[in-house]
Amino acid sequence: MDLGLKDRVYVVTGATRGLGNAAARALVADGAKVVITGRDEKSVADAASALGPNALGMAADNAEPDVAARLIATAREHFGGFDGILVSVGGPAPGFVADNTDEQWQAAFESVFLGAVRLARAAAGELDAGGVIGFVLSGSVHEPIPGLTISNGLRPGLAGFAKSLSDELGPRGIRVVGLLPARIDTDRVRELDGLSADPEATRAANESRIPLRRYGKPDEFGRAAAFLLSPAASYLTGIMLPVDGGMRHGF
Ligand SMILES: NC(=O)c1ccc[n+]([C@@H]2O[C@H](COP(=O)([O-])OP(=O)(O)OC[C@H]3O[C@@H](n4cnc5c(N)ncnc54)[C@H](OP(=O)(O)O)[C@@H]3O)[C@@H](O)[C@H]2O)c1
């Protein structure tokens, strides 16, 4: 199947590693052009050069208020267009209810929540029919994850925001989609497993609860993201796609 990605231009934030990077790789592999971000200048330059000439890196923090305008302008200047955005970002601080400080909630609100809202709002103002706005969220949209209280608090709200946006943008032919990873084998998931006394046992216990009995590979997530962002998914909007090996219990 031709995904129709050739020469389409996407912004992918939080894409020097992990899920954002996997999505950018899959997009570029099918002919798209990407502007990728992360906060660390050198990681951004390295990740962009690893992706090749159809990728441009820009050091940017999703919590910065003007980041969206800069990214969209860069996409237009460098690649001559702007067809969509995938918002990924570092996960919020882990912790149970009593552990998380106001500062941690505030920082996560700025980067994970308000950052995503601002990026999506700016993209909505710039996209034409056929454009797409994607969010990397979490299985916590549907089911709270023990020890990730801030994620459990913020992600369902973002899913609500994404649904509102899809209602508003649908008449203009702009799609809004979300991806809900659970256990994809990235630095973030290794760090979370590393918080337990026995990370290997924690991973094995998690894997035993996943119907496919293993963590996902970043490329498996990247391919799902590239499809949802592509013209091949032209009738999909307002949806949250679990990419979780079957871990979500509900339908
Ligand atoms: N992996 C999973 O299975 C899973 C499951 C559920 C939810 N999620 C969520 O999905 C998102 C991506 O996860 P991941 O596994 O890819 O995480 P990751 O491996 O930690 O990678 C995060 C990426 O985002 C960048 N980043 C972090 N903070 C940023 C910011 N404020 N502005 C711009 N870029 C930023 C990082 O680079 P710098 O640090 O250099 O900025 C890195 O490129 C996270 O929000 C995570 O909570 C992941």
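**View 1. The largest pocket has a lining of 18 nonpolar, 17 polar and 9 charged residues.** The model shown here is predicted, and this pocket has a volume of about 960 Å³. Of its 44 lining residues, S88, V89, G90, G91 and R188 are the closest to its centre, so to speak the spot to centre your view on. At least two lining residues come from each of α1 (18-29), β2 (33-38), α4, α5 and α6 (187-194). The largest share is that of α6, with 5 residues.

**View 2. The second largest pocket has a volume of about 690 Å³.** If you would like landmarks, try I145, P146, R183, N206 and M247, which are the closest to the pocket centre among the 26 residues of the lining. Two or more lining residues are given by each of β6, α6 and α7 (199-208). Sorted by class, the lining holds 12 nonpolar, 8 polar and 6 charged residues.

**View 3. The largest cavity has a volume of about 50 Å³.** With a threshold of 30 Å³ or more, the count is 1 cavity. The residues around it are V87, S88, V89, V112, A116, F135, V136, L137, R155 and L158. Elements contributing two or more of these lining residues are α4 (102-126), β5 (132-136) and α5 (149-169). The class breakdown is 8 nonpolar, 1 polar and 1 charged. Two names may look familiar from View 1: S88 and V89 line this cavity and are also among the residues closest to the centre of the largest pocket.

**View 4. The largest nonpolar core contains 38 residues.** Within it, F82, I85, I133 and F135 touch the most other members. Several elements, namely β1 (9-12), α3 (67-79), β4 (84-87), α4, β5, α5 and β6 (175-181), supply at least two core residues each. The largest share, 9 residues, belongs to α4. Apart from this core lies another one of 31 residues, including L27, V28, A32 and V177. As a general backdrop, nonpolar side chains in soluble globular proteins tend to be buried together.

**View 5. A close look at I133 and the residues it touches.** Leaving aside residues up to four places away in sequence, I133 is in contact with I85, A120, A123, A124, L127, L165, L169, R175, V176 and V177. One of these partners, I85, is, like I133, listed with the residues that touch the most other members of the largest core. Another partner of I133, V177, is a member of the separate core of 31 residues.

Definitions and conventions:
Residues numbered from 1 in each chain as written. Predicted model: local features only at pLDDT ≥ 70, side-chain atom pairs only at ≥ 80, totals over all residues. Heavy atoms only, no water. 1 Å grid on protein atoms, 1.4 Å probe; cavity = no way out; pocket = protein on both sides within 12 Å on 5 of 7 lines; lining within 4 Å. Points joined across faces, edges and corners; volume = space filled by probe spheres on them. Helix = DSSP H or I, 4+ residues; strand = E, 2+ residues; numbered from the N terminus. Nonpolar A, V, L, I, M, F, W, Y, C, P; charged D, E, K, R; others polar. Core = buried A, V, L, I, M, F, W, Y, C linked by side-chain atoms within 4.5 Å. Buried < 20%, exposed > 50% of the residue type's maximum accessible area, 1.4 Å probe, protein only. Contact = heavy atoms within 4.5 Å.
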